[in-house]
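Me: I'd like a close look at one part of this model: the surroundings of the bound ligands. Could you walk me through that region and then work outwards from there?

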Amino acid sequence: MSNGANHNCATDRHPERSRRIPLSNRNPLLRDSSTPLGMTESNMVRHIYVHIPFCARICPYCAFYKDLLDRSQTWRFCEAVLQELAERDRRARRLLPSTIYFGGGTPTALNLAQLELLLRGFHEELDLSQLVEWTMEANPGSVSARKATLLKKFGVNRISLGVQSWDEELLKLLGREHNAQQGEESFRTLRAAGFTNINIDLMFGLPGQIPDQWRATLERTIALQPEHISTYCLTYEEDTEFFMRHVQGEFRQDANADADFFEMTMAILEDAGYGHYEISNYARAGFESVHNRAYWLGKDYLGIGPSAVSTIGMQRWQNVCDYRAYIDRVLSGQSPRASIENLTKEMKRTERIALSLRTRDGVPGSELKGFARQTDEFIGLGLLERSNGGLVLTRKGKVLADSVAEAFL
Ligand SMILES: C[S@@+](CC[C@H](N)C(=O)[O-])C[C@H]1O[C@@H](n2cnc3c(N)ncnc32)[C@H](O)[C@@H]1O
Ligand code: SF4
């Protein structure tokens with residue numbers, strides 16, 4: 001998921017090598033080139049998330065902050081995003097991004113001119129000389145050759161395409177705005193525009209889904225040869241139509257079936273040459289998401305846009321969710337922050353453990369000093385193993401990753 005920071009107002013979850021981006025149209029009048037006083041390169045903010053909340057159609061399972069596309073609001077929205085970015089940059093003067101992630105919602109729901117305004121604005125405001133990855137989430141319903149060319153021209157070098165399934169019936173159940181053919185055409189359009197780093201998002205554990213359908217979806221995905229594949233087990237999120245249907249007993253969750261889907265995913269994708277580098281993420285060597293890795297390592301990041309979360313130093317804040325309130329606040333010179341939390345070292349440490357445990361590199365031994373009893377127990381149960389001085393989940397442990405992580409919180 002966004003994969004990127006998944007800025008869900010209800011649950012506030014964390015989220016999802018490359019060549020240097022050639023285009024760096026930095027405007028020297030807007031920002032001076034030296035590292036700000038007192039800032040070393042190591043404490044600059046390196047990761048920026050931008051939340052674009054618009055969707056052409058609302059999927060009945062989705063709890064990300066989003067709203068129906070309202071063309072009368074999108075220009076003002078883009079202006080507000082650029083103003084927030086400029087304000088943060090002016091105040092903190094510590095933005096030197098190595099990754100930028102435009103997530104949502106659906107960033108590609110914006111039209112060509114709006115996307116160009118945003119991308120140009122980022123080039124003008126920021127020093128992009130150290131940028132290695134610029135991701136944009138895209139929905140097959142709103143990808144076009146002209147948009148793909150524009151994104152490429154402005155230095156976006158990674159696309160995360162929300163395909164979810166290649167099964168027409170399941171796509172209908174998911175309320176998607178596209179069919180399987182449009183999914184495939186969008187992928188080919190992105191390739192033709194020159195994108196060499198594409199992720200495909202898929203979902204499993206869907207109501208009525210059978211193993212053969214999931215196998216076929218994985219195989220059709222592999223046949224397209226994306227560099228990265230994210231596979232998410234359906235979560236029945238509160239305040240969604242799917243949640244209601246689950247509560248009413250129409251949709252049932254089957255933990256054993258979900259575990260079987262997950263095992264099948266690992267077997268098929270690893271066999272096809274995709275490294276399983278995080279519970280929900282698989283990549284060809286060298287194409288692991290740099291942005292998501294930064295979250296999992298507990299690095300600072302700045303979130304721009306409605307509902308976006310930022311964590312910088314020992315503070316975490318979240319912007320107001322409602323995008324109209326966000327626009328009004330930013331354009332009238334007020335802060336869009338809705339809440340601020342002071343973090344403790346202990347909070348940051350436990351978060352780092354929970355997130356890094358889900359990764360292939362695992363948790364460094366130094367982080368787990370106070371947890372000798374839990375680690376011994378999990379090693380005894382065959383869920384964790386020692387590796388390179390740290391601890392990583394075994395194959396059996398990956399299936400139970402959430403329960404293992406909970407024991408360390
Ligand atoms: C914010 S969405 C972005 C992509 C774009 N809006 C789209 O849907 O095509 C990121 C991904 O989260 C996953 N996702 C959304 N809701 C989910 C849920 N309730 N359970 C599991 N995965 C979910 C989907 O795979 C989706 O592509
Ligand atoms: S298009 Fe993506 S963000 Fe929008 S409602 Fe569907 S899953 Fe959520």
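Reply: Let's start with ligand 2, whose neighbours are Cys55, Cys59, Tyr61, Cys62, Gly105, Thr106, Asn139 and Arg176. By class, that shell splits into four nonpolar, three polar and one charged residue. Keep in mind throughout that this is a predicted model.

Now for ligand 1. There are 19 residues around ligand 1, and the ones that come nearest are Gly104, Gly105, Gln164, Arg176 and Asp201. Gly105 and Arg176 also turn up in the list for ligand 2. Sorted by class, the ligand 1 shell holds eight nonpolar, seven polar and four charged residues.

Three side chains are worth zooming in on here. Gln164 puts a polar side-chain atom 2.7 Å from an oxygen atom of ligand 1. Arg176 has a polar side-chain atom 2.7 Å from an oxygen atom of ligand 1. With Thr106, the partner is a nitrogen atom of ligand 1, and the distance from a polar side-chain atom is 3.4 Å. As for how covered the ligand is, the protein takes up 96% of the 560 Å² of accessible area that ligand 1 has on its own.

If you colour by secondary structure, look for strand 5 (133–138), strand 6 (158–164), strand 7 (198–204) and strand 8 (228–233), since each of them supplies at least two residues of the shell around ligand 1. Gly105 sits elsewhere, in the loop between strand 4 (95–104) and helix 2 (112–125). Check the backbone there too: Gly104 and Gly105 are joined by a cis peptide bond, with omega at about 20 degrees.

Strand 8 is a handy route onwards. Tyr232 lies in that strand, and it counts as buried because its relative accessible area is 10%, under the 20% cut-off. Tyr232 and Ile279 are 47 residues apart in sequence, yet their C-alpha atoms are 9.0 Å apart in space.

Carry on past strand 8 and you get to the loop that leads to helix 7 (241–247), where you'll find Thr240. Thr240 is buried, at 5% relative accessibility, and its side chain reaches the backbone oxygen of Glu237 at 2.6 Å. Asp239 belongs to the loop between strand 8 and helix 7 as well, but Asp239 is exposed, at 75% relative accessibility. The phi of Asp239 is near 65 degrees, a positive value in a residue other than glycine.

There's another positive phi to look at, in Asn388, where the value is near 50 degrees. Asn388 is in the loop between strand 16 (384–387) and strand 17 (390–393), and it counts as exposed because its relative accessibility of 83% is over 50%.

Turning to open space, the second largest pocket holds about 300 Å³. Its lining comes to 16 residues, with Arg293, Leu297, Thr359, Asp361 and Gly362 nearest the centre. Helix 9 (290–296), helix 11 (345–357) and strand 15 (363–364) each give two or more residues to that lining, and helix 9 has the largest share, with three. The lining's classes are six nonpolar, four polar and six charged.

Finally, zoom out to the whole chain. The protein chain has 14 helices and 17 strands, and 55% of its 409 residues are buried. It exposes about 17300 Å², of which carbon and sulfur atoms supply 51%.

Methods
Residues are numbered from 1 along each chain as its sequence is written. Chains are lettered from A and ligands numbered from 1 in the order in which they are written. This is a predicted model: local features need pLDDT of at least 70, side-chain atom pairs count only at pLDDT 80 or more; totals for chains, interfaces and linings use all residues. Side-chain values use heavy atoms; hydrogens and water are left out. A residue is near a molecule or strand if one of its heavy atoms lies within 4 Å of it. A polar contact is a pair of N or O atoms within 3.5 Å; within protein, one must be able to donate a hydrogen and the other to accept it, and residues adjacent in sequence count only if both atoms are side-chain atoms. Accessible areas come from the Shrake-Rupley method with a 1.4 Å probe; for residues, only the protein chains shown count as cover. Helices (H or I, at least four residues) and strands (E, at least two) are DSSP runs, numbered from the N terminus. Ala, Val, Leu, Ile, Met, Phe, Trp, Tyr, Cys and Pro count as nonpolar, Asp, Glu, Lys and Arg as charged, and the others, Gly among them, as polar. On a 1 Å grid over the protein atoms alone, a cavity is a set of points where a 1.4 Å probe fits but cannot get out, and a pocket is an open set with protein on both sides within 12 Å along at least five of seven lines; lining residues have an atom within 4 Å of a point. Grid points are joined across faces, edges and corners, and a volume is the space filled by probe spheres set on the points. Buried means under 20% relative accessible area, exposed over 50%, partly exposed in between (1.4 Å probe, protein chains only).
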